[in-house]
Amino acid sequence: MVEVNIDDRRHNGASLIHFGEASFYCEDPWHPHPPTVRAYGRARETLAIFFCTAMFSHGLHQSAAFVALRGHMVQGDIAAAALATLYLAVAILYAVVLQPEWALITTLWHAAYLITLTFAAVWICFIVYRISPLHPLHKFPGPVLNRVTELPLAYTAARLNRHLYLCQLHDQYGPVVRTGPNSISINSKTAAYTIHKSAQCFNKTEAYDLHLKGEGLFFIKERDRHAMRRRPWNRAMSNEAIQEYTEPLFRTTQAFVDRLARDTEAKGSVDFVRCVTQWAFDTAALITFGGNGTEMSLLASDDPDELADKPRISLASFEFFSHLPWLFHILKHFPASVFRQVEEFSLKQAERRLQAEKIQFKDIFSYWVEDAEQPNLDELATDSLSAIIAATETISSMTSLVFFFILSNPHWHRALCTELRAAFPAHAPLTASPVSTDALDALPILTAVIHEAFRLGAVFAGLSRVVPPGGALIDGVLFPGGTVVSVPIYAQHLSAENFGAEPAAFNPARWLPSAESNSENLKADRGALLTFGAGPFNCVGQRLAYKQTRLVLACVFLLLDVELGDGFDKERWWAGVGNLRATVIREPLEVRARRRVASGPGVVFPSA
Ligand code: HEM
């Protein structure tokens with residue numbers, strides 16, 4: 001073992017240090033201030049040695065982390081934060097507890113100086129490595145800043161326009177762009193197949209791992225474990241299961257139609273986005289927990305606690321912090337964190353539902369409990385959280401967008417109303433029976449407007465996946481293992497290759513099985529539609545989402561005459577639509593909804 005001695009004698013502001021046989025002078029960086037230096041003599045040198053050793057091991061750790069993770073900073077950042085805290089703790093302990101006579105401020109100042117040096121040195125290494133040809137992703141084009149840091153992605157995510165930023169990057173750099181130190185965006189339909197749908201499709205990234213108490217479907221990253229967990233969910237979202245949800249769905253939809261008409265009568269117009277979010281929340285809570293003592297009606301109370309907006313905020317913060325996951329793990333524990341509030345809400349509801357003796361119908365929760373040998377409350381709470389967030393945020397934003405597109409396009413508005421009113425006249429109304437609701441699935445214009453709005457309204461950036469160890473070929477190019485890859489969904493939906501010469505136009509005709517829709521201008525490549533993701537991790541609630549959207553469109557247009565409010569500015573509204581995984585609609589969608597009196601009810605709701 002090497003013996004380390006510090007010679008206390010001063011040599012003009014420097015100290016003599018013996019490392020075993022070797023001796024050398026340690027220059028005093030604060031010279032010429034010998035009085036201060038003398039004030040805490042040996043303490044400073046000891047700290048200096050501690051820091052040098054720590055810096056060295058920290059440097060080693062960081063280098064190992066970033067070589068192993070190919071420049072991915074997640075674990076390195078956590079290690080750096082932990083070490084910085086440790087440095088400070090030791091400095092304070094030394095100065096305050098062990099040697100209280102030494103000046104705390106000076107010691108802290110020295111500590112801060114050395115920490116800054118450490119980080120500067122480590123970061124300079126990172127930056128040089130990330131832009132150097134040694135980096136495994138060097139050959140992929142992309143802005144220099146993006147090669148160094150995730151900040152441009154985080155910044156555009158915070159401004160809610162990351163989907164547009166990715167379109168811009170692809171226009172400038174081509175189909176493959178390095179968007180971050182370790183992330184690549186690939187704008188290609190065949191890449192979506194390899195990454196999401198093929199037999200060797202990739203796992204989810206670390207960003208999905210929220211370290212929640214219980215494991216839940218959405219947060220499982222590995223395909224095999226995920227497949228096991230998905231089974232009860234698949235059963236809960238089968239055709240037969242959804243038929244059980246039809247009656248509750250009619251009930252919440254009736255409350256929604258009433259609310260639109262009532263508010264229009266009272267105030268002249270109504271904010272569609274606000275009401276539809278409350279409807280989506282009420283429906284999600286009812287279908288998930290069976291309505292036994294757990295139901296609530298935000299539509300009736302107008303949601304004084306703004307509960308319906310919390311799933312959106314949770315999802316948005318989850319996404320923003322996917323660029324800084326370590327910070328998310330700290331912030332999510334704060335009581336004011338919306339994520340924690342939704343987590344607590346789900347836990348409370350899961351607990352109540354588990355204790356419920358009778359339920360009104362076979363809800364989603366029943367399938368989870370059936371599947372488990374011993375129900376685990378934490379896992380049930382996490383799946384409840386996923387169900388509430390997934391079925392509120394997406395349905396509410398997508399339904400708002402469908403209505404926006406229909407109401408802004410008089411031709412399709414008329415065509416849809418005509419189709420619905422012909423299919424469900426007063427003498428053969430829409431009812432909560434399977435035959436009646438299945439008839440909705442067969443209406444071509446209804447399906448076409450939904451597909452088209454889901455295409456244009458899915459302003460999603462991409463669903464990140466990680467290349468397996470050993471690397472993978474995507475579109476004939478080898479990507480190193482550990483690289484985070486994603487397909488930019490909005491760019492795919494606006495690609496002329498997939499959707500013809502006018503991909504940005506709202507034209508449901510492209511989805512109709514008519515001769516017109518076969519023209520090149522009106523192309524609709526179903527395989528390129530990624531609104532619900534794709535492959536084994538795709539949206540398990542897709543069937544329910546279509547059912548719900550068809551039903552709400554049918555009920556609203558059969559029972560109400562709806563139009564946009566006076567002075568509604570379509571361009572401004574559309575410009576206010578942003579995305580941070582959750583779709584954020586910044587402007588109200590003011591509509592006037594009046595009850596139709598002309599031809600009697602085209603819908604008969606179940607009696608209460
Ligand atoms: C229009 C409405 C909807 C859209 C656009 C949508 C979209 C998506 C997308 C893109 C994913 C994949 C996310 C990822 O890989 O990171 C997903 C997953 C999921 N969605 Fe939906 N969703 C909708 C409605 C619903 C509904 C009604 C439910 C019902 C509970 C639901 C439950 C889920 C769940 C549990 C997952 C995770 C699936 C898994 O990991 O296996 N979604 N959704």
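## Exercises on the ligand site and selected residues

A polar side-chain atom of K204 is 3.2 Å away from an oxygen atom of the ligand. This distance, like every other value below, comes from a predicted model.

**Exercise 1.** Determine which listed side chains form polar contacts with oxygen atoms of the ligand, using K204, Y208 and R581.

*Solution.*
Step 1. The cut-off for a polar contact is a pair of N or O atoms within 3.5 Å.
Step 2. For K204, the separation is 3.2 Å.
Step 3. In the side chain of Y208, an N or O atom lies 2.4 Å from an oxygen atom of the ligand.
Step 4. For R581, a polar side-chain atom and a ligand oxygen are 2.9 Å apart.
Step 5. Since the limit is 3.5 Å, the pairs at these distances are therefore polar contacts.

**Exercise 2.** Describe the shell around the ligand by secondary-structure element and by residue class.

*Solution.*
Step 1. Two or more residues of the shell come from each of helix 8 (223-236) and helix 16 (377-407).
Step 2. Which helix gives the most? The largest contribution is that of helix 16, with five residues.
Step 3. The shell holds 26 residues, and those that come nearest to the ligand are Y208, H226, R230, R465 and C539.
Step 4. Sorted by class, the shell consists of 16 nonpolar, six polar and four charged residues.

**Exercise 3.** Identify the protein donor of the iron atom of the ligand and characterise the surroundings of that residue.

*Solution.*
Step 1. C539 provides the only protein donor, its SG atom, at 2.3 Å from the iron.
Step 2. The loop between helix 21 (496-499) and helix 22 (542-559) contains C539.
Step 3. Is C539 buried or partly exposed? Its relative accessible area is 33%, so C539 is partly exposed.
Step 4. When neighbours within four places in sequence are set aside, C539 contacts R230 and F532.
Step 5. As a comparison with the record, UniProt places a "binding site" feature at C539, in an unreviewed entry.

**Exercise 4.** Examine the backbone and accessibility of D302 and D303.

*Solution.*
Step 1. Most residues other than glycine have a negative phi.
Step 2. D302 has a positive phi near 60°, and D303 has a positive phi near 50°.
Step 3. D302 belongs to the loop between helix 11 (298-301) and helix 12 (310-320), and D303 is likewise placed between helix 11 and helix 12.
Step 4. Why is D302 classed as partly exposed? Its relative accessibility is 31%, so D302 falls in that class.
Step 5. D303 has a relative accessible area of 3%, and therefore counts as buried.

**Exercise 5.** Classify S366 and H493 by burial, and list their contacts beyond the sequence neighbourhood.

*Solution.*
Step 1. The cut-off for a buried residue is a relative accessible area under 20%.
Step 2. S366 has 11%, so S366 is buried.
Step 3. S366 is part of helix 15 (residues 364-371). Apart from residues up to four places away in sequence, S366 touches R353 and I359.
Step 4. H493 has 0%, so H493 is buried.
Step 5. H493 is part of helix 20 (residues 489-493). Neighbours within four places excluded, H493 is in contact with F454, R455, A458, F499, P503, A528, L529, L530 and T531.

Definitions and conventions
Residues are numbered from 1 along each chain as its sequence is written. This is a predicted model: local features need pLDDT of at least 70, side-chain atom pairs count only at pLDDT 80 or more; totals for chains, interfaces and linings use all residues. Side-chain values use heavy atoms; hydrogens and water are left out. Helices (H or I, at least four residues) and strands (E, at least two) are DSSP runs, numbered from the N terminus. Buried means under 20% relative accessible area, exposed over 50%, partly exposed in between (1.4 Å probe, protein chains only). A residue is near a molecule or strand if one of its heavy atoms lies within 4 Å of it. A polar contact is a pair of N or O atoms within 3.5 Å; within protein, one must be able to donate a hydrogen and the other to accept it, and residues adjacent in sequence count only if both atoms are side-chain atoms. Ala, Val, Leu, Ile, Met, Phe, Trp, Tyr, Cys and Pro count as nonpolar, Asp, Glu, Lys and Arg as charged, and the others, Gly among them, as polar. Donors are N, O and S atoms within 2.8 Å of the metal (3.2 Å for Na, K and Ca); water is not among the atoms, so sites may look incomplete. Contact means heavy atoms within 4.5 Å. UniProt positions are given in the numbering used here, feature names are shortened, and annotations may be inferred rather than shown by experiment.
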